[in-house]
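Here are some short exercises to work through with the structure open beside you. Try each task before you read its solution.

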Amino acid sequence: MAALKRVLSVYLLVIALLVGINWVATPLYHDGTANYWTWEILNWFMAVAVIIVLVVNSVRKHRFCRLEEDDNTITREYLEINVAFAASIVLTLWYFWNWFASLNPGSEPEVVGLIHLEWWAFVNPIGVLVYAYTGAHLWRTAAAD
């Protein structure tokens, strides 16, 4: 199990790094057309990362809630788990709503397409944080296994 956690951790940390670098670098190399070929490729890997963080943080929350059924205290661990879980849900909803719209261009009015383009300004930075946090968590727990 520790090996799987390490592999998933490395995957998430690499995706966080690639998304962060590409997010900052896109204005430097993009030619101004509607074609964002690097994002079109990276989006497939990001979709896998979004599913991984949703599963990992859901399982983590489920296990924590099962262990802490009778305890009503708010601890650092409680806050970390719940914030990571909520951020994973928000990221999943935002990411797939936006990505599916980009996979089907022309399905909505042009103004909505522009909204989707601007919405990446929320999705990508939150994604970097959630991927990196979850990847670091998996790396730490793999060391404990």
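The exercises below start with the whole fold and then move to helices and single residues. Keep in mind that this is a predicted model.

**Exercise 1. The overall fold**

Work out which secondary structure elements the protein has and in what pattern they follow one another.

Solution. Start by counting the elements: the protein has four helices and zero strands. Next, read along the sequence, which gives the pattern α-α-α-α. For the dimensions, take the principal axes: the C-alpha atoms fill a box of roughly 55 × 30 × 20 Å. Then turn to burial, where 32% of the 145 residues count as buried. Finally, look at contacts between residues at least 6 apart in sequence: 77% of these join residues at least 24 apart.

**Exercise 2. The span of a helix**

Check whether the distance between the ends of helix α3 agrees with its number of residues.

Solution. Helix α3 covers residues 76-103, which is 28 residues. The rule to apply is 1.5 Å times one less than the number of residues. For α3 the expected span is therefore 40 Å. Now compare this with the model: the end C-alpha atoms of α3 are 39 Å apart, in agreement with the expected value.

**Exercise 3. Two helices side by side**

Describe how helix α2 packs against α3, giving the angle, the axis distance and the handedness of the crossing.

Solution. Two packed helices are described by the angle between their axes and the distance between the axes. Helix α2 spans residues 37-67, and its packing angle with α3 is about 150°, with the axes 9 Å apart. Angles over 145 degrees count as roughly antiparallel, so α2 and α3 are roughly antiparallel to each other. The crossing of α2 past α3 is left-handed. As for the residues involved, the contact of α2 with α3 has 18 nonpolar, seven polar and four charged residues.

**Exercise 4. Three threonines**

For T38, T92 and T134, find the helix each one belongs to, decide whether each is buried or exposed, and list its contacts beyond four places in sequence.

Solution. The cut-off needed here is that buried means under 20% relative accessible area.

- T38 sits in helix α2. Its relative accessibility is 17%, so T38 counts as buried. Its contacts, leaving aside neighbours within four places in sequence, are N22 and Y29.
- T92 belongs to helix α3. With a relative accessible area of 15%, T92 is buried, and the buried residues of α3 also include I81, L91, Y95 and W99. Not counting residues up to four places away in sequence, T92 touches V50 and L54.
- T134 is part of helix α4. Its relative accessible area is 0%, so T134 is buried. Not counting residues up to four places away in sequence, T134 touches L12, V53, V56 and N57.

**Exercise 5. Sequence and space**

Find how far apart A144 and V7 are in sequence and in space, then do likewise for T92 and L4.

Solution. First place A144: this residue is in helix α4, which covers residues 110-144. Exposed means over 50% relative accessible area, so A144, at 68% relative accessibility, counts as exposed. A144 and V7 are separated by 137 residues in sequence and by 15 Å in space, C-alpha to C-alpha. For T92 and L4, the separation is 88 residues in sequence and 22 Å in space, again C-alpha to C-alpha.

Terms used:
Residues numbered from 1 in each chain as written. Predicted model: local features only at pLDDT ≥ 70, side-chain atom pairs only at ≥ 80, totals over all residues. Heavy atoms only, no water. Buried < 20%, exposed > 50% of the residue type's maximum accessible area, 1.4 Å probe, protein only. Axes fitted to C-alpha atoms, helices over the stretch in contact; angles between N-to-C directions. Parallel < 35°, antiparallel > 145°, perpendicular 65-115°, else oblique. Left-handed = near helix turned anticlockwise from the far one by under 90°. Nonpolar A, V, L, I, M, F, W, Y, C, P; charged D, E, K, R; others polar. Contact = heavy atoms within 4.5 Å.
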